[in-house]
Amino acid sequence: MTQAKKDFKPKVIAFACHWCGVGKNEINAVEDFPNFKLIKLMCSGRINTALILKAFEKGADGVIAFGCPEGKCHYNFGSSNAAREYKIARSLIDLLGIEPERLRLELDFFSENGKLDKVVNEFVQVIKRVGPSPLRTSKEKEKK
Amino acid sequence: MIKEIIKHTKAYYCLDCGKCTSVCPVAAFNSNFSPRKIVAQAITWDGKVLDDGRIWSCLTCKMCHERCPSDVNFIEFIRQIRVDARENGKEGICTHGGALQSLMKIMTAPQLNQNRLGWITPDLKTSQDSEYLYFVGCLPYFDLYFSDLKANSLDIARSTLKVLNILGINPQVLPNERCCGHDLLWSGDIKNFKKLAAHNAAEFKKSGVKKIVLSCPEGLSCFKQDYPNHLDKFDFEVIHIYDLIAEKLSSNNLKLKPIKETVTYQDACRLGRFLNDYDNPRKIISSIPELKFQEMKRSGKNAVCCGTSSWMNCDQYSKKIQMDRLKEAKATGAEVLITSCPKCQIHFLCAQSEENYPEDMKVKIIDLTTMLASALGG
């Protein structure tokens, strides 16, 4: 592993639904991750292709979204919306040449003690293996 | 500088006659919008026009410029005003939450390696060293993003490639061409437009092509009129697929199967008023045996825009323009509305997918190249 790859701290954006139980404790646990930003939403149904693409456009290395299981959404259809948008967004980033592993949707996620921490950690490891986003490297090169 | 823009686009010559407003498709439904008033506002109050949200509602369809007795280039005026407004932190309302704008901006990244050639089926022939290039543009993205409308934009790409093969051309199709940047240019984002233009020009140069064939009118007008203005060097021959087809039709070399349908045709702003191509599409339509062609009441130079442009400010007035236009198409007695621009197709399909859209008012919307490809068999 090269030094640059070792030093790589992935920028990860997480979208979390208010009702799937991401509480203060869990947030505190993941706040220590470098370059990690958690955005709380009232429902995973708010997540759309545009939000996901915007995150990548602004240089995110990975985007992960949490929501309630389909059928158990607080607003009935929010999770199905999220699943549909996720599918489109995943195909779009694949077309663009951004690795699909950089995007993940966790819909069977009901936060238990330390689970958010575990999932995020695992996701960060995946992103570390994939490397920096092609958009980020382009931007950094431009700056130089 | 607004003064410069006014001078450059001859807005000073405005006679206040209001012809622009009377033909403007937006003003027909939105009484708050008036090209004449926007010009008057810019001349009298200088900077205030930049804060006016209405500058983003213009469709840049060129109908006003077509009618203006003083030759005020209103759409160029709007474009430059938008550049200034953007520099002051203003922006139009991006339709679809800005997803398409994000796609365009992501494509400015130099190190992107797209996977955009999956649509080419084995029966379609391409080559690595042809002097012809087929520029597909955003069709793979539209096909995916508008899959719920069943727009199937890639049918246009497949049909174009098929027609090219029949005409004896096996063009290059580049794996890493970018969006042409048309929408960024017209929404005032010159910086990102220039990036895309430079990428595309470099890709074309690297591939060694001399002639670029397009199926999209927006890309065509962009390559023909805007790239040469914004790039130091862009010396490729830009050809529309209709030109190639019409040329072949004149020498009677195409065998076309009959299609028994009544059709009407929607002129795209970029192909019609921008590039003055009204005849070729009509020539192609009339060449298909047994196809009955009915002209809409407002057609050719007077054709109405499809309601939205640059994926921006799509609102209730856009929907009204689309409904009105579809009604006009239906009134001709046609079963099929032929479009030449993938966006016209998407916008009309979107209007027809509205929940309260009457079932008996629906028409089939097909792209001209797709129609021709089916007449050629397949």
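In this predicted model, helix α12 (residues 241–250) of chain B packs against helix α14 (residues 279–287) of chain B at an angle of about 50°, and their axes are 9 Å apart. That angle makes α12(B) oblique to α14(B). If you follow how α12(B) passes α14(B), you will find a left-handed crossing.

Which residues bring these two helices together? From α12(B) come B:Y242, B:D243, B:I245, B:A246 and B:L249, and they meet B:N280, B:P281, B:K283, B:I284 and B:S287 in α14(B). Sorted by class, this contact has 6 nonpolar, 2 polar and 2 charged residues. A helix rule is handy when you look at such a list: an α-helix has 3.6 residues a turn, so residues three or four places apart point the same way.

**A small sheet in chain B**

Now turn to the strands. An open sheet in chain B is formed by 3 strands in the order β1-β2-β3, and the pairing is parallel. β1 (132–135) and β3 (237–240) of chain B stand at the edges with a single partner strand each, so one side of each has no neighbour in the sheet. On average, neighbouring strands of this sheet are turned by 30° against each other, direction ignored. As background, strands of a sheet pair through backbone hydrogen bonds, either parallel or antiparallel.

How many bridges link β1(B) with strand β2 (residues 211–214) of chain B? These two pair in the parallel sense over 4 bridges. The pairing of β2(B) with β3(B) is also in the parallel sense, over 4 bridges. The table lists some of the residues that face each other across these strands.

| Residue | Partner | Strand of the partner |
|---|---|---|
| B:Y132 | B:K211 | β2(B) |
| B:Y134 | B:V213 | β2(B) |
| B:K211 | B:E237 | β3(B) |

Notice B:K211 in the table: it is the bridge partner of B:Y132, and B:K211 also stands opposite B:E237 in β3(B).

**An enclosed helix**

Is helix α16 (residues 342–352) of chain B largely enclosed or largely open? In α16(B), 10 of the 11 residues are buried, so the helix is largely enclosed by the rest of the structure. Its buried residues are B:P342, B:K343, B:C344, B:Q345, B:I346, B:H347, B:F348, B:C350, B:A351 and B:Q352. Helices and strands both take part in covering them: the cover includes α7 (139–145), α8 (154–166), α15 (316–331), β4 (261–266), β6 (336–339) and β7 (364–367) of chain B.

**Where the two chains touch**

Chain A gives 19 residues to the contact between the chains, and chain B gives 20 residues. On the side of chain A that touches chain B, α3 (49–57), α4 (78–96) and α6 (134–143) of chain A each supply at least two residues. The largest share of that side, 7 residues, comes from α3(A). By class, the residues on this side of chain A divide into 10 nonpolar, 6 polar and 3 charged.

A good residue to visit here is A:T49, which is found in helix α3 of chain A. A:T49 is buried, with 26 other C-beta atoms within 10 Å. Leaving aside neighbours within four places in sequence, A:T49 is in contact with A:E85, A:I88, A:A89, A:L92 and, from the other chain, B:A99. How far apart in space are A:T49 and A:Y86, which are 37 residues apart in sequence? From C-alpha to C-alpha, A:T49 and A:Y86 are 6.8 Å apart.

Key
Residues numbered from 1 in each chain as written. Chains lettered and ligands numbered in written order. Predicted model: local features only at pLDDT ≥ 70, side-chain atom pairs only at ≥ 80, totals over all residues. Axes fitted to C-alpha atoms, helices over the stretch in contact; angles between N-to-C directions. Parallel < 35°, antiparallel > 145°, perpendicular 65-115°, else oblique. Left-handed = near helix turned anticlockwise from the far one by under 90°. Contact = placed C-beta atoms within 7 Å. Nonpolar A, V, L, I, M, F, W, Y, C, P; charged D, E, K, R; others polar. Pairing = 2+ DSSP bridges. Buried ≥ 20, exposed ≤ 12 C-beta atoms within 10 Å, placed from the backbone.
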